[in-house]
Amino acid sequence: MIKMKVNGGNRVKVDFSGYATRNDIKCTDGRKIKRDSFKHCDGIVVPLVWQHLHNDPGNVIGKAFLKNREDGVYTYGCLNDTEKAVNAKKLLAHGDIDHMSIYATNVIEKNGDVLYGDIKEVSLVLSAANPGAVIEHVAIAHSDG
């Protein structure tokens, strides 16, 4: 089990962690996230969503704690107990999903480099636009123990 301190030192059980986005890697849309583009998002909590389908509250499967690092935005994910989240837990535990992606607004870019943006949600995705946006640790046990 992964635990982290949030909200003034309270410990929260985390189901998985990894990079929601990595710096200086060319994304499928041709852009590169530059270091500290999302520094102001450090420490915030955003919804965790399935496949960026944030137009339906039923696709919110938990929350994501954001940590700005030199090489990208690291994320600690906590899944809720909805039916979709329970399914996502099974997919993560089995290794069927191993990527994340961000949705950001107010993006400022120059020559294809993202210099600023506000992360509004992190999604579990089947394929990430940023090849470095990978789940590194899963703390979900298989149902057989």
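1. Salt bridges, overall. The count comes to nine salt bridges, taking a side-chain nitrogen of Lys or Arg within 4 Å of a carboxyl oxygen of Asp or Glu as the rule. This is a predicted model, and every value below is computed from it. Side chains of opposite charge can pair when their charged atoms come close.

2. Lys34 and Asp24. These two form a salt bridge, and their closest N and O atoms are 2.4 Å apart. Lysine 34 sits in the loop between E4 and strand E5 (45-50), while aspartate 24 sits in the loop between E3 and E4, so the pair ties together parts that are ten residues apart in sequence. Are the partners buried or exposed? Lysine 34 is partly exposed, because its relative accessibility is 26%. Aspartate 24 is partly exposed too, at 42%.

3. Asp42 and Lys67. Here the side chains meet in a salt bridge at 3.8 Å, N to O. Aspartate 42 belongs to the loop between E4 and E5 and lysine 67 to strand E6 (residues 60-69), so this bridge ties together parts that are 25 residues apart in sequence. Aspartate 42 has a relative accessible area of 35% and is therefore partly exposed. Lysine 67 counts as partly exposed at 39%.

4. Asp81 and Lys89. Aspartate 81 forms a salt bridge with lysine 89, with 3.6 Å between the closest N and O atoms. Why does aspartate 81 count as exposed? Its relative accessibility is 70%, and exposed means over 50%.

5. A shared-partner network. Asp29, Arg31 and Glu109 are joined into one network by salt bridges that share partners. Arginine 31 is placed in the loop between E3 and E4. With a relative accessible area of 30%, arginine 31 is partly exposed.

6. Surroundings of Arg31. Which residues does arginine 31 touch, not counting residues up to four places away in sequence? They are Ile25, Lys26, Val107, Glu109, Gly112 and Val114. Glu109 is thus both a contact of arginine 31 and a member of its salt-bridge network. Arginine 31 and asparagine 111 are 80 residues apart in sequence, yet their C-alpha atoms are 8.4 Å apart in space.

7. Surroundings of Lys34. Leaving aside neighbours within four places in sequence, lysine 34 is in contact with Asn23, Asp24, Asp113, Val114 and Leu115. Asp24 in that list is also its salt-bridge partner. The C-alpha atoms of lysine 34 and arginine 22 are separated by 8.5 Å, with their positions twelve residues apart along the chain counted as the sequence separation.

8. Asn23. Where is asparagine 23? It lies in the loop between strand E3 (16-22) and strand E4 (32-33). Asparagine 23 is buried, because its relative accessible area is 11% and buried means under 20%. Not counting residues up to four places away in sequence, asparagine 23 touches Ile33, Lys34, Arg35, Asp36, Arg69, Glu70, Asp71 and Gly72.

9. Largest pocket. What is its volume? The largest pocket holds about 260 Å³ of space. Its lining has 17 residues, and Cys27, Asp29, Arg31, Ile33 and Ile102 lie nearest the centre. Two of these names recur: Asp29 and Arg31 also belong to the salt-bridge network. E3 and strand E8 (99-110) each supply at least two lining residues. E8 gives the largest share, six residues.

10. Nonpolar surface patch. Ile108, Leu115 and Tyr116 make a nonpolar surface patch of about 260 Å². Leucine 115 is in strand E9 (residues 113-125). At 40% relative accessibility, leucine 115 is partly exposed. Leucine 115 is also among the contacts of lysine 34.

11. Whole-chain picture. How many helices and strands are there? The protein has one helix and ten strands. Along the sequence the pattern reads β-β-β-β-β-β-β-α-β-β-β. Buried residues make up 42% of the 145 residues. Of the contacts between residues at least 6 apart in sequence, 64% join residues at least 24 apart. The protein exposes about 7800 Å², and carbon and sulfur atoms supply 48% of that area.

Technical notes. Residues are numbered from 1 along each chain as its sequence is written. Side-chain values use heavy atoms; hydrogens and water are left out. Helices (H or I, at least four residues) and strands (E, at least two) are DSSP runs, numbered from the N terminus. Buried means under 20% relative accessible area, exposed over 50%, partly exposed in between (1.4 Å probe, protein chains only). Contact means heavy atoms within 4.5 Å. Patches are made of residues with over 30% relative accessible area and no salt bridge: like charges are joined within 9 Å, nonpolar side chains (Val, Leu, Ile, Met, Phe, Trp, Tyr) within 5 Å. Accessible areas come from the Shrake-Rupley method with a 1.4 Å probe; for residues, only the protein chains shown count as cover. On a 1 Å grid over the protein atoms alone, a cavity is a set of points where a 1.4 Å probe fits but cannot get out, and a pocket is an open set with protein on both sides within 12 Å along at least five of seven lines; lining residues have an atom within 4 Å of a point. Grid points are joined across faces, edges and corners, and a volume is the space filled by probe spheres set on the points.
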